[in-house]
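Student: I am new to this one. Could you walk me through it, one question at a time?
Tutor: Gladly! Let us look at it together first.

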Amino acid sequence: MTGVRTGLEQLVAGRPRGERTRVGLVTNPTGVLPDLTPSATALLRSGFRVTALFSPEHGLRGTGQAGSGESEDESEAEGGGDRGGGPATDPATGLPVFDTYLRTGGALDELVASAGVDVLVFDVSDVGARFYTYVWTMYDLMGTAARLGLPFTVLDRPNPVGGAVCEGPPLDPAFASFVGRAPLPVRHGLTTGEIARFVNREIGAELDVVPLLGWRRERYFDETGLPWVMPSVNMPTLDTALVYPGTGLFEGTNVSEGRGTTRPFELIGAPYVDGRFAEELDALGLPGVRFRDTWFAPVFGKHAGTPVRGVQLHVTDRTALRPVFTGVSMLHVLRALYSGDFACEPFLDLLWGSDSLRLALTSGRDPRDLCGSPGRPGDHAEQLYV
């Protein structure tokens, strides 16, 4: 099977657009060549004048937990960090590092302007779920680029869970947030470059997407020939990414989504769960997945230090798997079995993209019809790949 060439490979194989152009690179550990050379190093070696680095959630080195950037000590960067008086310094390249996490609008414009760059280049891998935040960092920076008159280049990377299927309803604009700013389905089936083109209809940035070569929509990440690098600390494997578009919804409940374990988003449980949960789920015969009754004790996050009972998801057929329908079915069973204990949080509305799922669960209605039928990504966005 022919390997896939990323946008980064395409760019460094070509000629620099101009040695005088000051490049601001948005990246994290996923921005690497197949030999694991980081994108900043690769671009510098190829003659690009990279003068600043920008980091998304979890930080440049990926050590930050959910809902945080990266502290000075965690990143091993020198300096106080840009939130406390100037950017940190990346010891590998000597470049300043600007933390973009939770900055939007004028604050983000000011940050980028202070870096003094001529173009922004985005090289970060997504995981295929609308509520994963990296593409919304891209969205916000594209808006900044448009307002500041800067070109914006996306170095495309594969959707690790494939691009043949999308699932779940599109985001209701009334529920737009940093876990979803545009009307994409929960499992969107797009590459980062395709999302950039889709949202740029609204933003109007001077956008260039450096495409992939050799990627087809039915390919999963382990069929690309590219090395898997953890996109974030709680996304350790492709198995995690396969179920995440559904089990990520548990972040909006009082049920542990497995953070604080070695199998985040594959282990789901709570102190009030018993053996009926696994039995009821397996009886549903959901496609492509089985459920194993299990116990675990998270070391941080929800129910930290408390043994909880729940299930581990075992994917048996990833092509047949419908992660969004699976996650919603799990929520439905929890509500039916443990109505006195199970609770939804307002954050569920932002993850789902509307209040319809939470309202169905809290009223005791079956929410599975909200998922609709699986579609194709071309139904909602222009595709760059077949």
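**Strands, a helix and a core**

Student: How many bridges join strand β5 to strand β6?
Tutor: This is a predicted model, in which local features need pLDDT of at least 70, side-chain atom pairs count only at pLDDT 80 or more, and totals for chains, interfaces and linings use all residues. Residues are numbered from 1 along each chain as its sequence is written, and side-chain values use heavy atoms, leaving out hydrogens and water. Strands here are DSSP runs of E with at least two residues, helices are runs of H or I with at least four, and both are numbered from the N terminus. β5 (residues 119-123) and β6 (residues 151-155) run parallel, with F122 opposite V154, and the bridges joining the two strands number 3.

Student: Which strands stand at the edges of the sheet?
Tutor: The open sheet has 7 strands with mixed pairing, in the order β3-β4-β2-β1-β5-β6-β7; two strands pair if DSSP finds at least two bridges between them. An edge strand has a single partner, so one side of it is left without a neighbour in the sheet. That describes β3 (88-89) and β7 (206-210).

Student: Which residues of α4 are exposed on the side away from its buried ones?
Tutor: Helix α4 (residues 105-115) lies across β2, β4 and β5. Its buried residues (under 20% relative accessible area, with exposed over 50% and partly exposed in between, using a 1.4 Å probe and protein chains only) are L108, D109, L111, V112 and A115. They cover an arc of only 165° around the axis, taken from the directions from the axis to the C-beta atoms, which puts them on the same side of α4. On the other side, the exposed residues are G106, E110 and S114.

Student: What covers the buried residues of α4?
Tutor: Look for elements in contact, meaning heavy atoms within 4.5 Å. The cover includes β2, β4, β5 and α5.

Student: Which helix gives the largest share of the largest nonpolar core?
Tutor: A nonpolar core is a set of buried Ala, Val, Leu, Ile, Met, Phe, Trp, Tyr and Cys residues joined through side-chain atoms within 4.5 Å. The largest has 89 residues, and M138, F152 and V199 are among those with the most contacts inside it. The largest share, 8 residues, comes from α5.

Terms used:
Axes are lines fitted to C-alpha atoms, for helices over the stretch in contact, and angles run from 0 to 180 degrees between N-to-C directions.
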